[in-house]
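Here are a few exercises to work through with the model open beside you. Try each task before reading its solution.

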Amino acid sequence: MMKWFNKQSRLVQILLLLIPVLNWIIEILVRISAAFEKPTLVHILVAIFVIFIGLPFGWLDLVWVLLFNHLLLCK
């Protein structure tokens with residue numbers, strides 16, 4: 001899912017992160033796939049964190065995508 005999200009155009013990424021509930025679902029899916037692809041402590045902790053407090057983290061990721069074209073801690 002992480003690779004799929006990064007392959008999308010910037011406009012699609014921004015739209016996916018703008019819609020609140022969809023934002024949370026995308027965050028969970030991308031973070032869990034990142035934790036499975038690179039099982040480091042940071043990726044696992046962020047995946048757990050996003051499950052419980054995903055909406056504010058999604059807004060942070062929206063800004064991060066606008067600035068750097070990838071999700072925070074998910075390159």
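Contact here means heavy atoms within 4.5 Å. This is a predicted model, where local features need pLDDT of at least 70, side-chain atom pairs count only at pLDDT 80 or more, and totals for chains, interfaces and linings use all residues. Residues are numbered from 1 along each chain as its sequence is written, and side-chain values use heavy atoms, with hydrogens and water left out.

**Exercise 1. Find the contacts of Q13, leaving aside its neighbours within four places in sequence.**

Step 1: list the partners. Q13 is in contact with F5, N6, Q8, V65 and N69.

Step 2: place the residue. Q13 sits in helix α2; helices (H or I, at least four residues) and strands (E, at least two) are DSSP runs, numbered from the N terminus.

Step 3: check burial. Buried means under 20% relative accessible area, exposed over 50%, and partly exposed in between (1.4 Å probe, protein chains only). Q13 has 0% relative accessibility, so it counts as buried.

Step 4: look along the chain. Q13 and L71 are 58 residues apart, yet their C-alpha atoms are separated by 9.7 Å.

**Exercise 2. Describe the overall fold of the chain.**

Step 1: count elements. You should get five helices and zero strands, running α-α-α-α-α from the N terminus.

Step 2: test compactness. The radius of gyration (over C-alpha atoms) is compared with the globule rule, 2.2 Å times the number of residues to the power 0.38. The chain comes out at 11 Å, close to the 11 Å the rule gives for 75 residues, so it is as compact as a globular protein of that length.

Step 3: see how far apart in sequence the contacting residues are. Take contacts between residues at least 6 apart: 63% of them join residues at least 24 apart.

**Exercise 3. Work out which residues form the largest nonpolar core.**

Step 1: apply the rule. A nonpolar core is a set of buried Ala, Val, Leu, Ile, Met, Phe, Trp, Tyr and Cys residues joined through side-chain atoms within 4.5 Å.

Step 2: collect the members. The largest core has 12 residues: M2, F5, I14, L16, L17, I26, V30, A34, L62, V65, L71 and C74.

Step 3: map them. The elements giving two or more residues to this core are α1 (2–7), α2, α3 and α5.

Step 4: look for another. There's a second, separate core of five residues, including V46, V50, F57 and L72.

Step 5: zoom in on one member. Not counting residues up to four places away in sequence, F5 touches Q13, L16, L17, I26, V30, V65 and L71.

**Exercise 4. How many salt bridges are there, by the usual cut-off rule?**

Step 1: recall the idea. Side chains of opposite charge can pair when their charged atoms come close. The rule asks for a side-chain nitrogen of Lys or Arg within 4 Å of a carboxyl oxygen of Asp or Glu.

Step 2: count. The total is two.

Step 3: take R31 with E27. Their closest N and O atoms are 3.4 Å apart. Being four residues apart in helix α3, R31 and E27 are separated by about one helical turn. Both are buried.

Step 4: take D61 with R31. This bridge is 2.6 Å, N to O. The pair links distant parts of the chain, with D61 in helix α5 and R31 in helix α3, 30 residues apart. D61 and R31 are both buried.

Step 5: put the bridges together. Through shared partners, E27, R31 and D61 join into one network.
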